[in-house]
Amino acid sequence: MVEAYNLVRAEVTAAGARLVAVTKQRPVSRLQELYAAGQRDFGENRADELVRKHAELPADVRWHFIGHLQRNKVKLIAPFVSLVHSGDSARLLRELNKQARANERTISVLLQFHVAAEQSKYGLDPATPLAVFDALPPADRTHLAIRGVMGMATFTEDEDQIRAEFTRLVDTFQTIRSSPHVDGEQFTELSMGMSGDYRIGLELGATLVRVGSALD
Ligand SMILES: *Cc1c(COP(=O)(O)O)cnc(C)c1O
C-alpha cells in the first residue's frame with residue numbers, strides 16, 4: 001500500500017521540501033515497496049539496522065541517520081551514510097570527522113538542537129547556538145559538511161506550542177547561518193517535522209521532513 005505515501009510525498013514536494021521516509025522497525029520488503037514507488041531518501045535510527053537494510057537496497061538510496069548516534073557505532077555507517085541529522089555533541093561530531101577521514105570522504109551532518117519542553121539527554125542548547133563551534137575548531141571538522149539543523153517539537157496537540165518550538169529552531173538556524181562558522185551556501189537544511197507536525201514544519205520553511213507512521 002503506497003497511497004498514504006503518495007499523498008504525503010505530494011504535499012511535501014509541493015512545499016518544495018524533501019521527504020525522508022522513516023522506516024525504522026519496518027521490514028526490508030516495505031522499503032523495497034517505497035523504493036519502487038520512487039522513494040530514495042530513507043531514515044533509520046539504529047546503526048545495525050541501517051547497515052543491514054543498506055545491504056539489501058539499491059545503491060542509489062540516500063541513507064539518513066536520525067536519532068541519537070552512539071560514538072562506537074559511527075564506524076558502521078561512515079562508509080555510506082548520506083546525512084546524519086543528529087549531530088548532538090562536539091564529541092560525536094569529532095568521531096564522525098575521524099571516521100569520514102578514515103573512509104576518505106566527507107560526511108554531511110546537521111546540528112541537532114533541543115527545542116522541545118520535554119526532558120531529553122540529547123540535543124545542543126539553542127540558548128547558545130554557537131557554543132558547539134568553540135568545542136569543534138575547523139581542524140576537527142576537515143571531513144564534515146555542516147549542512148543545517150534538526151530539531152523535534154514536543155509531542156503535543158497544542159499547535160501554538162509546536163509553532164513556537166519550530167520557530168526557535170528557525171531562529172537558531174539563521175543565527176548559525178549568518179555566523180562566520182559555516183559556509184552559508186552549504187548551510188541550507190532545516191530538518192523539522194514528523195508525522196504529527198510535518199505540516200507545521202513545512203509552513204515554517206522545513207527543507208526536510210522525517211515521516212514514519214503517517215506513511216503506513
Ligand atoms: C521515529 C522518528 C521520526 C518519525 O516519527 P513518526 O512519528 O513515525 O513520523 C522522525 N524523527 C526521529 C528522530 C525519529 O526517531
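**Ligand site, pocket and cavity**

In this predicted model, a polar side-chain atom of K24 is placed 2.8 Å from an oxygen atom of the ligand. A second side chain takes part through R210, one of whose polar atoms lies 2.9 Å from a nitrogen atom of the ligand. The backbone contributes as well, since a polar backbone atom of G212 is found 2.8 Å from an oxygen atom of the ligand. Taken alone, the ligand would expose 390 Å², and the protein buries 84% of that area.

The residues that surround the ligand are V22, K24, I66, G67, M152, M194, S195, R210, V211, G212 and S213. Sorted by class, this shell is made up of five nonpolar, four polar and two charged residues. K24 and R210, which belong to the shell, are thus described both by their place around the ligand and by the polar side-chain atoms listed above, at 2.8 Å for K24 and at 2.9 Å for R210.

The space that the ligand takes is the largest pocket of the structure, and this pocket holds about 840 Å³. Its lining comprises 39 residues, with M152, A153, F155, M194 and R210 lying nearest the centre of the pocket; M152, M194 and R210 are also among the residues that surround the ligand. In terms of class, the lining of the largest pocket contains 15 nonpolar, 15 polar and nine charged residues.

Several elements of secondary structure take part in this lining, and at least two residues each are supplied by the strands β5 (107–113), β6 (144–151) and β8 (208–211) and by the helices α7 (159–177) and α8 (198–203). The largest share of the lining comes from α8, which provides three residues.

Apart from the largest pocket, the structure holds one cavity of 30 Å³ or more, and the volume of the largest cavity is about 40 Å³. The residues that line the largest cavity are V22, T23, R26, R30, L34, G212, L215 and D216, a set that divides by class into three nonpolar, two polar and three charged residues. Two of the names in this lining, V22 and G212, also appear among the residues that surround the ligand, and G212 is the residue whose polar backbone atom lies 2.8 Å from an oxygen atom of the ligand.

How values were computed:
Residues numbered from 1 in each chain as written. Predicted model: local features only at pLDDT ≥ 70, side-chain atom pairs only at ≥ 80, totals over all residues. Heavy atoms only, no water. Near = heavy atom within 4 Å. Polar contact = N/O pair within 3.5 Å; in protein donor to acceptor, adjacent residues only side chain to side chain. Areas by Shrake-Rupley, 256 points an atom, 1.4 Å probe, with all protein chains shown as cover. 1 Å grid on protein atoms, 1.4 Å probe; cavity = no way out; pocket = protein on both sides within 12 Å on 5 of 7 lines; lining within 4 Å. Sits in = over half its atoms within 2 Å of the grid points. Nonpolar A, V, L, I, M, F, W, Y, C, P; charged D, E, K, R; others polar. Points joined across faces, edges and corners; volume = space filled by probe spheres on them. Helix = DSSP H or I, 4+ residues; strand = E, 2+ residues; numbered from the N terminus.
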